[in-house]
Amino acid sequence: MKKEIEMKMAGELSRLTNHTFKFDERIKEGWYSAVYFLKTKEIAKRYKPDKIVTMQFFQKEEAVLCGIDEAIALLHTFSEDPEELEIHALHDGDKINPFETVLTIRGSYHKFGFLEGIIDGILARRTSVATNVYRVVSAAKHKRVIFMGDRDDHFSNQAGDGYAAFIGGMSAQATHAMNEWWGEKGLGTMPHALIQLFNGDVVEASIAYHETYPEDELIALVDYNNDVITDSLKVAREFGATLKGVRVDTSRTMIDQYFIRNQHILGSFDPRGVNIPLVKALREALNEEGYHHVQIVVSGGFSAERIREFEKNDAPVDVYGVGGSLLKLSVGFTGDDVLLDNQPEAKAGRKFNPNPRMEKVEMPHY
């Protein structure tokens with residue numbers, strides 16, 4: 001069956017639905033809602049069932065919006081009489097400004113209000129990841145970036161984070177789950193554990209990998225012995241044109257053996273971890289032996305700021321692997337009730353802020 005994201009990109013579907021998101025049914029029972037929302041729901045139903053409220057959502061950063069389809073699907077799935085709600089919204093992937101309204105919901109409070117906090121949380125996480133990814137991809141100047149955040153958060157977040165990373169501009173991701181909502185498969189080659197099984201012999205580990213997965217692009221991990229140039233050349237000499245690239249993942253507390261052998265170049269930079277002089281020396285060593293085709297992949301603690309530093313100094317990196325920095329929650333959303341029966345009624349400092357960029361949302365037909 002065709003994925004909803006494929007239907008959406010083909011213009012056959014306006015927004016993703018719960019067929020993609022597969023929500024926990026306990027949301028309907030209020031299991032994930034703050035208790036004060038549940039109490040307010042009951043009071044509203046008892047005393048003010050005919051009052052119509054307008055709820056609007058915004059945040060305070062320059063950001064890439066994500067989570068809108070998910071929030072709308074949540075409303076369509078769990079609100080009471082969802083066809084009676086009037087919803088206007090922007091789209092996943094829209095660039096948004098501070099305080100810009102991204103979503104409004106109009107209807108009886110008791111039918112949807114208990115979902116407010118969940119919507120805030122969806123928008124906050126998805127938009128944070130999408131924005132972080134957008135900044136990293138922009139810093140990399142359109143070089144390939146791989147999302148390697150599987151070890152930086154709870155596994156249950158992978159599908160949503162992977163979709164947000166896709167919206168932010170990243171199409172290469174480490175696990176199949178990260179690709180679940182938008183259709184590709186996970187990407188990756190070898191971890192340090194594989195090399196350990198071959199007693200630290202990177203060449204033997206690479207041979208085993210290539211013989212087992214001959215259709216894969218061969219990218220050898222070369223920092224296991226903390227001597228990336230020596231091991232990169234060993235693998236390149238063994239595989240020649242078959243070797244697609246080498247990945248450097250040196251710990252931030254280690255100094256590669258290249259600097260131990262060449263201490264005369266030390267003193268003007270931090271030699272720990274993956275650094276610009278090490279990457280330049282590796283590129284030069286590969287080129288000297290004719291391995292111009294071998295790409296250099298770097299990973300380990302990369303962020304948008306660190307990538308910008310590498311690019312500013314013309315570090316010969318072909319691919320960046322980025323993980324934890326992409327999952328930091330940097331954007332928070334707020335939902336406010338701003339109109340009551342279409343008249344201004346909101347807490348001090350808040351007011352209805354219409355946004356002509358938003359579109360009216362229709363109920364899905366299936």
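These are my notebook entries on a predicted model of one protein.

**Entry 1. Overall layout**

I began with the whole chain. The protein has 366 residues, and 51% of them count as buried. I found 13 helices and 14 strands. Along the principal axes, the C-alpha atoms fill a box of roughly 80 × 45 × 35 Å.

**Entry 2. Helix α4 and its charged residue**

I looked up how much of helix α4 is covered. The helix runs over residues 68-78, and 10 of its 11 residues are buried. Among them are Ile68, Ile72, Leu75 and Phe78, but also the charged Asp69 and Glu70.

Which residue pairs with glutamate 70 in a salt bridge? I found arginine 126, with the closest N and O atoms 2.8 Å apart. Glutamate 70 sits in α4 and arginine 126 in helix α6 (residues 116-139), so this salt bridge ties together parts that are 56 residues apart in sequence. Both glutamate 70 and arginine 126 are buried. I then followed the pair outward: Glu70 and Arg126 belong to a network of salt bridges that also includes Arg125, Asp153 and Asp161.

**Entry 3. Other salt bridges**

I noted 20 salt bridges in the structure. I wrote down two more of them.

Lysine 2 pairs with glutamate 12 at 3.3 Å between the closest N and O atoms. Lysine 2 is in the segment before α1 and glutamate 12 is in the loop between α1 and α2, 10 residues apart. I put lysine 2 down as partly exposed because its relative accessibility is 41%. Glutamate 12, at 47%, is partly exposed too.

Glutamate 305 pairs with arginine 308, with 3.5 Å between the closest N and O atoms. They are three residues apart in helix α13 (residues 304-312), so about one helical turn separates them. Residues three or four places apart in an α-helix point the same way, because there are 3.6 residues a turn. Glutamate 305 is exposed at 52%, whereas arginine 308 is partly exposed at 42%.

**Entry 4. Polar contacts of two buried residues**

Is threonine 17 buried or exposed? Threonine 17 has a relative accessible area of 9%, so I entered it as buried. It lies in the loop between α1 (4-9) and α2 (18-21). Its side chain makes a polar contact of 2.5 Å with the side chain of glutamate 4.

Serine 232 is in helix α10 and is buried at 0% relative accessibility. A polar atom of its side chain lies 2.6 Å from the backbone oxygen of valine 228.

**Entry 5. Negative patch**

I stayed with helix α10 (residues 228-239), which also holds glutamate 238. Glutamate 238 is partly exposed at 44%. On the surface, Glu238 gathers with Asp201, Glu204 and Glu211 in a patch of negative charge.

**Entry 6. Positive phi values**

Most residues other than glycine have a negative phi. I noted two residues with positive values. Phenylalanine 99 has a phi of about 70° and lies in the loop between β4 (95-96) and β5 (103-108). Its relative accessible area is 48%, so it is partly exposed. Asparagine 342 has a phi near 70° and lies in the loop between β12 (334-340) and β13 (343-344). Asparagine 342 is partly exposed at 43%.

**Entry 7. A long-range pair**

Last, I checked glutamate 86 in strand β3 (residues 86-89). Glutamate 86 and glutamate 362 are 276 residues apart in sequence, with their C-alpha atoms 8.6 Å apart in space. Glutamate 86 is partly exposed, at 32% relative accessibility.

Key: Residues are numbered from 1 along each chain as its sequence is written. Side-chain values use heavy atoms; hydrogens and water are left out. Patches are made of residues with over 30% relative accessible area and no salt bridge: like charges are joined within 9 Å, nonpolar side chains (Val, Leu, Ile, Met, Phe, Trp, Tyr) within 5 Å. Accessible areas come from the Shrake-Rupley method with a 1.4 Å probe; for residues, only the protein chains shown count as cover. A salt bridge is a side-chain nitrogen of Lys or Arg within 4 Å of a carboxyl oxygen of Asp or Glu. The place of a charge is taken as NZ of Lys, CZ of Arg, CG of Asp or CD of Glu. Helices (H or I, at least four residues) and strands (E, at least two) are DSSP runs, numbered from the N terminus. Buried means under 20% relative accessible area, exposed over 50%, partly exposed in between (1.4 Å probe, protein chains only). A polar contact is a pair of N or O atoms within 3.5 Å; within protein, one must be able to donate a hydrogen and the other to accept it, and residues adjacent in sequence count only if both atoms are side-chain atoms.
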